[in-house]
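Visitor: I'd like a close look at one aromatic spot on the inside of this protein. Walk me through the rings there, and then work outward to whatever surrounds them.

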Amino acid sequence: CSSLYHMGGLKPVSMQELDTFSVEMFANHSTQPTAGMLLTTAVTDSLQRDGTYRLASSARADFTISGEITHLSRESLLTDPDDTYLSREVGVTVHVRYTVRNNRSGAVIMQREASGQGSYFTDTGNQQSAVDSALSYAARNAAEDITNDLTTP
């Protein structure tokens with residue numbers, strides 16, 4: 001008995017004939033200067049890891065993903081027991097709007113929004129490093145949302 005193994009997800013009907021992708025640098029409308037680069041890298045990595053589509057140059061790709069980080073939001077997840085105005089853990093959410101365009105026809109295949117969350121503790125030694133790690137994690141979570149949209153029928 002032989003079974004067929006399929007790496008990656010199934011494709012939505014609108015993307016059945018598309019096999020290769022490229023990702024444009026995401027525009028960044030947040031206050032974190034590296035957010036656009038982090039998200040662009042995360043989307044590329046997530047789609048490659050999934051295996052449904054193959055990465056190609058923008059000139060050869062069947063479709064292109066582009067978009068923007070509209071904003072970051074923060075919320076207190078854990079407060080100091082002695083001072084409820086002081087956050088000990090802060091949640092970071094990256095909010096993304098993206099477009100998938102068929103490079104052959106120029107048609108927009110989908111326009112959607114995605115988001116991803118991460119968090120950091122404020123009592124760490126290097127606060128900036130903690131924020132960067134949380135933002136990187138949030139970008140990876142948003143990239144997984146985008147990948148799911150592109151690989152779920």
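Guide: Start with two rings: Y53 is buried, and F63 is too. Here buried means under 20% relative accessible area, exposed means over 50%, and partly exposed is whatever falls in between, with a 1.4 Å probe and protein chains only. One caveat before going on: this is a predicted model, so local features need pLDDT of at least 70 and side-chain atom pairs count only at pLDDT 80 or more, while totals for chains, interfaces and linings use all residues. Residues are numbered from 1 along each chain as its sequence is written, and side-chain values use heavy atoms, with hydrogens and water left out.

Back to the rings. The whole structure holds 2 aromatic pairs. In one of them, the ring centres of Y53 and F63 sit 4.9 Å apart with their planes at 80 degrees, so this pair is edge-to-face. (Rings of Phe, Tyr and Trp, the last by its six-membered ring, pair if their centres lie within 6.5 Å; planes under 30 degrees apart are stacked, over 60 edge-to-face, and the rest tilted.) The pair joins distant parts of the chain, 10 residues apart: Y53 comes from the loop between helix 1 (35–50) and strand 3 (54–55), and F63 from strand 4. Helices (H or I, at least four residues) and strands (E, at least two) are DSSP runs numbered from the N terminus. Add F21, and ring pairs tie F21, Y53 and F63 into a cluster.

What else does F63 touch? Leaving out residues up to four places away in sequence, its contacts include M15, L18, T20, F21, S22, Y53, V100, I109 and L150; contact means heavy atoms within 4.5 Å. F63 is also one of the hubs of the largest nonpolar core: of its 28 residues, F26, V43, F63, I65, Y98 and L150 touch the most other members. Such a core is a set of buried Ala, Val, Leu, Ile, Met, Phe, Trp, Tyr and Cys residues joined through side-chain atoms within 4.5 Å. The elements giving this core two or more residues are strand 1 (20–23), helix 1, strand 4, strand 5, strand 6 and helix 2 (127–151). Helix 2 makes the largest contribution, with 7 residues. There's also a second, separate core of 6 residues, with V92, A130, V131 and A134 among them.

F21 has another neighbour to check out. T44 lies in helix 1 and counts as buried, because its relative accessible area is 15%. Its contacts, again leaving out residues up to four places away in sequence, are F21, V23 and L55.

Now for the charged side chains. Opposite charges on side chains can pair when the charged atoms come close. The whole structure has 6 salt bridges, each one a side-chain nitrogen of Lys or Arg within 4 Å of a carboxyl oxygen of Asp or Glu. R97 and E68 form one, with 2.7 Å between the closest N and O atoms. That pair spans 29 residues, from R97 in strand 5 (residues 83–102) to E68 in strand 4 (residues 63–80). R97 also bridges to E113, with 3.8 Å between the closest N and O atoms. This link covers 16 residues and reaches strand 6 (residues 108–121), where E113 sits. Together E68, R97 and E113 make a salt-bridge network. R97 is partly exposed because its relative accessible area is 40%, and E113 is exposed at 59%.

Elsewhere, D19 and K11 meet in a salt bridge at 2.7 Å, N to O. D19 is partly exposed at 34% relative accessibility, whereas K11 is buried at 15%.

To round off, here's the whole protein. It contains 2 helices and 6 strands, running β-β-α-β-β-β-β-α along the sequence. Its C-alpha trace spans about 60 × 45 × 20 Å along the principal axes. Of its 153 residues, 41% count as buried. Among contacts with a separation of 6 or more, 68% come from residues 24 or more positions apart.
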